[in-house]
Amino acid sequence: MEAQLTPPALSIGEQGTLTIRAPNGRRLQNPPTAIEVPGLNIQFSGATSQNIDINGLISYRMELNYLVEALEAGEYTIPEQAFNIDGKQHTTKAIKVTVAEGPALPEALQPQAQLTVGKTEMWEGEEVPVTVTVVMHPALRITSQPLPVIKTEGIAVSRFDRQGRMYDQTEFNGQLWNTWQLPSSLVAVKSGAFPLGPAEVKLEASVPSTAGGGAGRDPFGDFNYARRTINIKTNTVPIRVKPLPAEGRPADFTGVVGKFQIMARSDTPSGGPQAVQLGDPVGFEIIVTGMGNLDAIPAPGLDKPEGLRAYKPKVSGESRGLGIEQGQKVFTQILFTEKPGPASVIFTLPYFDPVAGKYAVAKSPAIQLIVTGSPEVAAAANTAATAESKDFSGTPDLVPPGEALSEILPQPLNTSRWYSLTTASVPVHPWLLHGTPAVILALILGTGTIRRLRAWALSRRPPPYAPRYCADIARDLRRTPLSRLQFYGFVSEYTGAWEYWKKSPLPSGESLAEVIAARDRWLYAANADAAAAPVPSDEQTRAASLLTSCLSA
Amino acid sequence: MRFFLALFLLFSSALTHAADDPGPAFRHAMTEYMAEDYEKAFAEFKKIAEDENQISATLCHNIANSAWKLEDKAAASLWYRRALALDRWLPEARQNLRFVESKVAYLRFEKSGLPKFAALFPLTWWKAACQGAAWTTVISIVWLVWAAPRRGRRWPLVTLLCLAVATLITSLFGLIGKKLDPAPLTKLLISTPEKETWARTAPVEAAQTVIELPPGSELMPIREEGHWTYCDIPGGEKGAPLRGWVRTVTTEKLWPWESSLVE
């Protein structure tokens, strides 16, 4: 395998390419992604594979490329590297590389940096803002964010990348320079007067190359760029750190400097004093807000710990910046009640106020507890395991599952319906109570009955087309005087009515047949004069009697 | 329809016997209560019930509140129950009674099935509903079958008949539930001891104890012998019957007044 570095020598910040060729290589397995050489940064940038046809003979060639960046001046050796190609192990030769210092950055392009401090006279432990400003020529192309480092004994500086950088442009001699403002904060941990800084700023930038003489421009007049690492130093700032006064220092002061407030709430907030069973742990959320070195804030203690025992606190949340703006730190604290009766829970945090220059104590509003129960039961329940088994992570505003009433509703009520205890109830008389619907029922029954009777009577009435009753016709048969036509007309009506009402044909018989024959003769065959003559009485009587006897009405 | 409405009003008219607002006495007791003089408030509220013979759900509730403030848990639970006997949906009394129960853990009869359903309304309501529905059913059937209403009135009558039959069946269940109720309000005793008390195996102090009765426990009297009452006691395991002798003076009737007020 062949290995070649192009160019063979590099200047600081300059980049080259290490090419490794594997003839007849077709399949590469797991090449190293980086090659570790102090002073050089070598990263795998890819592999290419080619088929070469020479007079019909096909051969393969594989090239592996690594980007080599010179970081520091010196003589280096890129060691032998082993590659697995087509299942076989191949090893390259070691390559020597010389990294020269390279030409200095032109004075006109040299970036500048400045260190500024919020106040030069400060208290021990006080958070003070600090800013590093970097100004760069527009021809420099920054490739990574500048990262200042301040190394001064007795000073702790927060990382400069914890806050957003401010980028701006500033005009110098009619030219716009790029400006970065990098804010942070520092805390003096040692008192005395000493210089702060300088801050060292490391910049990764592409700078116009002057290699090959001239201005280092390409045929189109543009700059050729080379990547460089630029280290610049800022000025120093004399500061004076004052020790915290011994006078007025609270006994439980732990070195918290700033200005803070405390809020606290229990895990089961109530409108009034909270009822607590002796032995039951009570969870509290303590919220410390303010400005200062929040990192140094311990869990607030109890103002009057009598009858209360604090379990180990936990930090349950933190929201802060550099300490030079408002921040918040939240603790979860579990307390055991150790004796029955009322108890007042107040959390305190002593701190030193750098503005006022004196100590102060932040106190939470009091939370009242009413502790009930017997000490024997409490002793059994008052264990750390009990507290561990309880979940205080939920927000106190959430309603716990199930009903856990803690007090009666004490408001008296004043609107209601009043009843007399002496006045006996006046029962409605059963006759009145049931009489009314009974009467209504009777009315409906009566109405229905009357309707039905009427219908029945109506149903018995003969239809309009029905003949007269036989009895009525029989009376007419005996009426005198009657002509033959009239008499036999009645005879005909009588026989028809009989058939209608009896719903059967006329019975057969000689005497009845004679009467029927006489009827037919006088009604249909006789002349009109003879038919109009009066019917003889014996004939009338006999025929009428015969009819009424044979065909009873 | 106006006619049927009048019919129902006729039955409902048997349910009421209202009294006048006691006015100044009640307001004075309220003032004492607001001034947190619960002893006076308790006495004055009770005076309205005992001397002026007037009662209301809120009066009972206020007496119970005063009793609770005076740490008389038995009286508090008794008077909350009385408030609920008059107005079973009074939310404050229901909540406070639940609270008292959570603190005292008194024994009480658990109702289930028909008695629980029947307890939703007083007996008088069930009776009135049953009678009204029965008459409406009979009249509707007779009207439909015998009197043959006019065409436009048939379906409203059928609808009314269905509603009446449903009401009749429901109210019959309610009445059966009342009949099966193991602990009717007007018969219940409430344990109101000054100190802790026990149900015993015989009507003598020296007898063995059956069960401790927390203040406010419900008891159902079976018979009395001298100063003792033989009672059904709630709390038997899995609903098993539990009986014992209780000193009569340590009990108080839940509703010593006119039963028609709460039944």
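Modeller: Two residues are in contact if their C-beta atoms, placed from the backbone, lie within 7 Å. The model discussed here is predicted.

Colleague: Which residues of H4(B) meet H6(B), and which residues of H6(B) do they meet?
Modeller: In chain B, helix H4 covers residues 57-69 and helix H6 covers residues 91-104. The H4(B) side of the contact has B:Ala57, B:His61, B:Ala64 and B:Trp68. On the H6(B) side, the residues met are B:Glu92, B:Ala93, B:Asn96 and B:Val100.

Colleague: How do the residues of the contact of H4(B) with H6(B) divide into nonpolar, polar and charged?
Modeller: The residues to sort include B:Trp68 from H4(B) and B:Glu92 from H6(B). Glu counts as charged and Trp as nonpolar. The division is five nonpolar, two polar and one charged.

Colleague: Are H4(B) and H6(B) roughly parallel or roughly antiparallel?
Modeller: Two packed helices are described by the angle between their axes and the distance between the axes. For helices H4 and H6 of chain B the angle is about 30°, and the axes are 10 Å apart. Angles under 35 degrees count as roughly parallel. H4(B) and H6(B) are therefore roughly parallel.

Colleague: Is the crossing of H4(B) and H6(B) left-handed or right-handed?
Modeller: The angle of about 30° gives the size of the turn between H4 and H6 of chain B, and the handedness has to be given separately. For H4(B) and H6(B), the crossing is left-handed.

Colleague: Is B:Ala105 buried or exposed?
Modeller: B:Ala105 sits in the chain B loop that runs between H6 and helix H7 (114-118). Its phi is positive, about 55°, although B:Ala105 is not a glycine. Most residues other than glycine have a negative phi. Because only residues with 12 or fewer other C-beta atoms within 10 Å count as exposed, and B:Ala105 has 12, B:Ala105 is exposed.

Colleague: Where in chain B does B:Asn53 lie?
Modeller: B:Asn53 also is not a glycine, yet has a positive phi of about 55°. With 15 other C-beta atoms within 10 Å, B:Asn53 is partly exposed. Its place in chain B is the loop between helix H3 (38-50) and strand S1 (54-55).

Colleague: How many residues apart in sequence are B:Trp198 and B:Trp245?
Modeller: B:Trp198 belongs to strand S3 (residues 197-200) of chain B and is partly exposed, with 19 C-beta neighbours inside 10 Å. Beyond four places in sequence, B:Trp198 has contacts with B:Thr209, B:Glu212 and B:Leu213. From B:Trp198 to B:Trp245 the C-alpha distance is 8.5 Å, and the separation in sequence is 47 residues.

Colleague: Is A:Arg484 buried or exposed?
Modeller: A:Arg484 lies in helix H5 (residues 484-502) of chain A. Leaving aside neighbours within four places, A:Arg484 is in contact with A:Trp522, A:Ala531, A:Ala533 and A:Val535. The cut-off for a buried residue is 20 or more other C-beta atoms within 10 Å. A:Arg484 has 22 such neighbours and therefore counts as buried.

Colleague: What separates the C-alpha atoms of A:Arg484 and A:Ala530?
Modeller: Along the chain, A:Arg484 and A:Ala530 are 46 residues apart. In space, their C-alpha atoms are separated by 8.0 Å.

Colleague: What is omega for the cis peptide bond that joins A:Thr480 and A:Pro481?
Modeller: Most peptide bonds are trans. A:Pro481 is in the chain A loop between helix H4 (470-477) and H5. A cis bond is also found from A:Thr6 to A:Pro7, with omega near -10°. For A:Thr480 and A:Pro481, omega is about -15°.

Colleague: Which residues of the largest nonpolar core touch the most other members?
Modeller: In soluble globular proteins, nonpolar side chains tend to be buried together. The largest nonpolar core has 56 residues. The members that touch the most others are A:Val132, A:Leu186, A:Val201, A:Ile262, A:Ile286 and A:Leu369.

Colleague: How many residues are in the other core, which has B:Phe42 among them?
Modeller: Apart from the largest core lies another. Its members include B:Phe42, B:Ala76, B:Tyr106 and B:Ile233, and the count is 49 residues.

Note on methods:
Residues numbered from 1 in each chain as written. Chains lettered and ligands numbered in written order. Predicted model: local features only at pLDDT ≥ 70, side-chain atom pairs only at ≥ 80, totals over all residues. Core = buried A, V, L, I, M, F, W, Y, C linked by C-beta atoms within 7 Å. Axes fitted to C-alpha atoms, helices over the stretch in contact; angles between N-to-C directions. Helix = DSSP H or I, 4+ residues; strand = E, 2+ residues; numbered from the N terminus. Parallel < 35°, antiparallel > 145°, perpendicular 65-115°, else oblique. Left-handed = near helix turned anticlockwise from the far one by under 90°.
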